[in-house]
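Hi everyone, thanks for making time. I'd like to walk you through a structure that will be new to most of you, so have a look at it first.

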Amino acid sequence: MVKLSPTVSSLLVYAPMRLSKAPQDPNELRITGLGGGSPQWTIVILLTFLTILPSILICTTPFARLLIVFHFLRQALGLQTTPSNQTLVGLSVIMTFFLMQPTGEAIYRDSIVPFRAGQITAVDALVRGGAPMRQFMSHYVREQDVALFLEMAKQPRPETIDDVSFRVLLPAYILSELKAGFQIGAVLFLPFLVVDMVVASITTSVGMMQLPPVVISTPLKLLLFLMVDGWHLLIGALMRSFS
């Protein structure tokens, strides 16, 4: 057995302690902290964003209004599965992307680019990204819906819409979008309802009880929709409702 001198033994004992107490690199502290530009925080934020992306798409964009109108159209035409749900959802997503592109560009320019450059923190990036979304939702939210949630939240009446918190603005916006979607769908339903009533009256008066009226009215409604170029008119009206 090899005997070590007291000097060598003390060095072996205290060396790990000295290494563990060595000061860390200031750059390492900046990367692992809450500062901007951290790859770890970037991954966390991206994963969180992907998790809540469906809810964000539905609650803060025109997606809900568009999908409701398309479902009303399918019911008004008397079609149960055509176009399919996947087709309607895909069309709503594409139109939502078209409408939200200016807002997305503003979020990318003011929030994502400075965050990736390490100029702002993750919290600052979220605050900056919320400003364009607030501006978009403020254009289409109804005053009575905002007042309703202000009363439920027991918050004082703000001077401007910019002073409304996201806690109030988000539910007020989705409620306004639901009302707008149902209003457009109800107006869209009326001409096809007239066709159904006329066909039902004619078939009943001539005694065609063996043939359901919907079998005759559905082709007529499809012909009427195609003759007036219904998809073009509907998409144009929806786009102009967000101008």
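Before I start, one term: when I say two residues touch, I mean that they have heavy atoms within 4.5 Å of each other. And keep in mind that this is a predicted model.

Okay, let's begin with Arg74. You'll find Arg74 in helix H4, which covers residues 63–76. What does Arg74 touch, leaving out residues up to four places away in sequence? The list is Leu79, Gln80, Thr81, Thr82, Pro83, Ser84, Asn85 and Leu88. Its side chain also makes a polar contact, at 3.2 Å, with the side chain of His71.

Now, charge. Side chains of opposite charge can pair when their charged atoms come close. Where is the nearest side chain of opposite charge to Arg74? That's Asp196, 14 Å away, and Arg74 is buried yet has no salt bridge. For a salt bridge here, a side-chain nitrogen of Lys or Arg has to be within 4 Å of a carboxyl oxygen of Asp or Glu, so 14 Å is out of reach.

Asp196 does have a partner, though: Asp196 forms a salt bridge with Lys221, with the closest N and O atoms 3.2 Å apart. This pair links distant parts of the chain, since Lys221 is in helix H9 and Asp196 in helix H8, 25 residues apart. Are the two buried or exposed? Lys221 is buried, at 2% relative accessible area, while Asp196 is partly exposed at 24%.

By the rule I just gave, there are 5 salt bridges. Let me show you another of them: Glu143 and Arg157 meet at 2.8 Å, N to O. Glu143 is in helix H7, residues 143–153, and Arg157 is in the loop between H7 and helix H8, so this pair ties together parts 14 residues apart in sequence. Glu143 is exposed, at 53% relative accessibility, and Arg157 is exposed too, at 62%.

Then there's Arg142 with Asp145, whose closest N and O atoms are 2.9 Å apart. Here Arg142 is partly exposed at 26%, but Asp145 is buried at 4%.

Last stop, the surface. Leu220, Leu223, Leu224, Met227, Val228 and Leu233 make a nonpolar patch of about 580 Å². Which helix gives the largest share? Helix H9, residues 213–227, with 4 residues. One of the patch residues, Leu220, sits in H9 and is partly exposed, at 40% relative accessibility.

That's my tour, thanks for listening!

Conventions:
Residues numbered from 1 in each chain as written. Predicted model: local features only at pLDDT ≥ 70, side-chain atom pairs only at ≥ 80, totals over all residues. Heavy atoms only, no water. Patch = residues over 30% accessible without salt bridge, like charges linked within 9 Å, V, L, I, M, F, W, Y side chains within 5 Å. Areas by Shrake-Rupley, 256 points an atom, 1.4 Å probe, with all protein chains shown as cover. Helix = DSSP H or I, 4+ residues; strand = E, 2+ residues; numbered from the N terminus. Buried < 20%, exposed > 50% of the residue type's maximum accessible area, 1.4 Å probe, protein only. Lys, Arg positive; Asp, Glu negative; His and termini not counted. Polar contact = N/O pair within 3.5 Å; in protein donor to acceptor, adjacent residues only side chain to side chain.
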